[in-house]
Amino acid sequence: MSLLELEHVGKCYGPLGEHVVLRDVSLQIEPGEMVAVWGMRRSGRSTLLRVAAGIERPDTGAVRFEQHDLSAREGERLGDGIGYCRRTFAPSEGRRVVDHLLVGLLARGVPLKLAATRAREALERAEIGHCATLRPAELDCAEAVRAAIARALAFAPRLLLIDEPTIGVDLLARDAILRLLLSLSQQGIAVLASTGESPGLSGARALTLSEGELHGRPARDLATVVPLRQSA
Amino acid sequence: MAEKRPKRNASPMQSAVHWALLGLVIERPSYGYELAQRFEHAYAGMLQLSGISYVYTALDTLQCRRMIEEIPGTRTGRQPKPRYRATTEGVRSYQQRLIVQMREDFRRSRLFARQLAVLAQEPEMALDVIEHYGQECLAEAGDTPLPALRGDCEDAATGLAARLVSEERRLAIESRLPWIDYARREFRALAAGRIQAR
């Protein structure tokens with residue numbers, strides 16, 4: 001049984017649906033698996049992640065997380081098994097990095113003491129405990145990514161979604177972030193990452209998204225699907 | 001032991017294994033068996049030795065070409081293990097080889113693109129090739145391990161080699177994926193034109 005399953009997903013934008021972003025996309029992700037999708041700008045990779053998170057509803061097809069249909073829930077499962085890493089830290093959500101983790105937990109009814117423990121643990125797990133009391137604006141790019149990961153980890157997700165984890169990150173800090181994502185997957189958290197840089201594919205089941213079509217192995221245990229040549 | 005007779009006007013050394021062994025000697029003077037072990041470790045998945053004895057043949061060749069030399073005083077004991085070090089000529093030749101190899105890599109890429117273009121009349125067939133090329137790149141990308149962090153390696157040279165190899169592989173793929181995307185679009189446009197023309 002797959003943790004996340006996208007089945008023949010289609011997504012269009014524009015008044016007449018003329019801009020096709022996802023075209024018949026099928027993908028299965030197993031628990032503890034690291035999957036990375038490479039695509040050029042405007043290839044649909046961010047949309048793929050939002051659809052996979054249940055934030056956006058697909059126009060066609062189905063998205064299931066632990067067998068539950070996400071299409072009708074519009075983000076309801078976020079924080080409940082699915083962690084979506086956002087790199088923006090709205091000032092209204094807190095002053096210090098740790099506040100940004102606390103606010104989400106408190107909003108979900110977690111008691112303050114427990115929330116503080118979970119926030120601290122998540123920051124440590126993302127190897128950014130030393131930045132807890134800094135303001136988000138004081139973080140460098142790599143630290144901001146780790147803080148975003150920590151914020152998602154605070155909810156103990158089984159699936160972590162992250163859009164472009166290494167964009168803007170210094171070359172020498174990049175691999176440490178990829179290593180963190182791989183280690184999270186080895187600890188049992190499935191990771192779905194999008195990337196515009198091929199180094200982001202290291203150690204992952206690598207896929208590409210081109211003109212809305214997903215290329216590569218759609219499931220861990222399946223062979224690559226190579227489209228058949230049209231008959232003349 | 002008699003000094004190896006240098007080859008005059010010898011043709012350029014072609015064997016990738018010979019060059020790789022020379023590289024290892026440049027990296028650190030070693031004896032034959034040690035070189036075989038270092039070779040297996042350093043070039044796993046890239047180059048293969050036909051057997052350990054091949055190392056001794058290669059060392060002979062490298063000595064004849066004056067690219068390496070035996071370190072005096074290392075051929076001692078009941079089972080002598082002569083150690084070899086690179087000569088200035090060997091280091092210079094190795095550097096030149098790297099430069100030539102770079103040119104060859106670019107030439108191979110151009111050749112592939114040119115040969116693919118031959119299939120302009122059969123765009124669906126070209127799309128098949130592109131699809132397979134894409135899958136190979138993805139497999140290579142996924143299989144490329146993250147190199148060990150600085151300080152995690154047994155020695156600085158091994159760590160540097162691992163990081164450089166990993167980064168080279170990853171950035172080579174980085175340039176190929178957009179090209180594949182581009183080529184796919186080109187041939188899809190040709191295929192669409194063909195279908196319309198029917």
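Start by selecting A:Leu161. Leaving aside residues up to four places away in sequence, A:Leu161 touches A:Leu49, A:Ala52, A:Ala53, A:Ile82, A:Gly83, A:Tyr84, A:Cys85 and A:Leu192. Here, touching means that the C-beta atoms of two residues, placed from the backbone, lie within 7 Å. Before you click on, note that this is a predicted model, where local features need pLDDT of at least 70 and side-chain atom pairs count only at pLDDT 80 or more, while totals for chains, interfaces and linings use all residues. Residues are numbered from 1 along each chain as its sequence is written, chains are lettered from A and ligands numbered from 1 in the order in which they are written.

**The core around this spot**

Now add A:Ala52, A:Ile149, A:Ala150, A:Val191 and A:Leu192 to your selection. Together with A:Leu161, they have the most contacts inside the largest nonpolar core, a set of 80 residues. A nonpolar core is a set of buried Ala, Val, Leu, Ile, Met, Phe, Trp, Tyr and Cys residues joined through C-beta atoms within 7 Å. Buried takes 20 or more other C-beta atoms within 10 Å of a residue's own; 12 or fewer makes it exposed, anything in between partly exposed, with C-beta atoms placed from the backbone. Which helix gives this core its largest share? That is α4 of chain A, residues 141-153, with nine residues. Apart from this core lies another of 15 residues, including B:Leu24, B:Ala36, B:Tyr84 and B:Ala86.

**Helix α1 of chain A**

Select A:45-53. This is helix α1, mostly covered, with seven of its nine residues buried. Helices (H or I, at least four residues) and strands (E, at least two) are DSSP runs, numbered from the N terminus. The buried ones are A:Arg45, A:Thr47, A:Leu48, A:Leu49, A:Val51, A:Ala52 and A:Ala53. Step just past α1(A) and you reach A:Gly54, with a positive phi of about 85°.

**Two odd backbone angles**

Next, pick A:Glu127, in the loop between α3 (112-125) and α4 of chain A. A:Glu127 is not a glycine, yet its phi is positive, near 55°. Is A:Glu127 buried or partly exposed? With 17 other C-beta atoms within 10 Å, A:Glu127 is partly exposed.

Then go to A:Ala156, in the loop between α4 and β7 (159-163) of chain A. A:Ala156 has a positive phi too, about 50°, without being a glycine. A:Ala156 counts as partly exposed, with 14 other C-beta atoms within 10 Å.

**Chain A as a whole**

Zoom out to chain A, which has five helices and 10 strands. Its radius of gyration is 18 Å, close to the 17 Å that the globule rule gives for 232 residues, so chain A is as compact as a globular protein of that length. That radius is taken over C-alpha atoms, and the rule is 2.2 Å times the number of residues to the power 0.38. Buried residues make up 47% of the 232 residues in chain A.

Try colouring by domain: domain 1 is 1-81 + 159-168 + 178-226, and domain 2 is 88-156. Those bounds come from an automatic or database domain assignment. The C-alpha centres of these two domains of chain A lie 24 Å apart. Where they meet, six residues of domain 1 are in contact with nine residues of domain 2. On the domain 1 side, the split is four nonpolar, two polar and no charged. In this count Ala, Val, Leu, Ile, Met, Phe, Trp, Tyr, Cys and Pro are nonpolar, Asp, Glu, Lys and Arg charged, and the others, Gly among them, polar.

**Across to chain B**

Show both chains and look at the contact between them. Chain A puts in 26 residues and chain B 22 residues. On the chain A side, the elements giving two or more residues are α5 (171-186), β9 (205-210) and β10 (213-216). By class, that side has 12 nonpolar, nine polar and five charged residues.

Hide chain A. Chain B has six helices and three strands, in the order α-β-α-α-β-β-α-α-α. Its radius of gyration is 23 Å, where a compact globule of 198 residues would have one near 16 Å. Buried residues make up 19% of chain B. Domain 1 (16-91) and domain 2 (122-197) of chain B have C-alpha centres 33 Å apart.

Last stop: helix α4 of chain B, residues 88-117. At 1.5 Å a residue, its 30 residues should span 44 Å, and the end C-alpha atoms are indeed 44 Å apart. That expected span is 1.5 Å times one less than the number of residues. α4(B) is hardly covered, with two buried residues among its 30.
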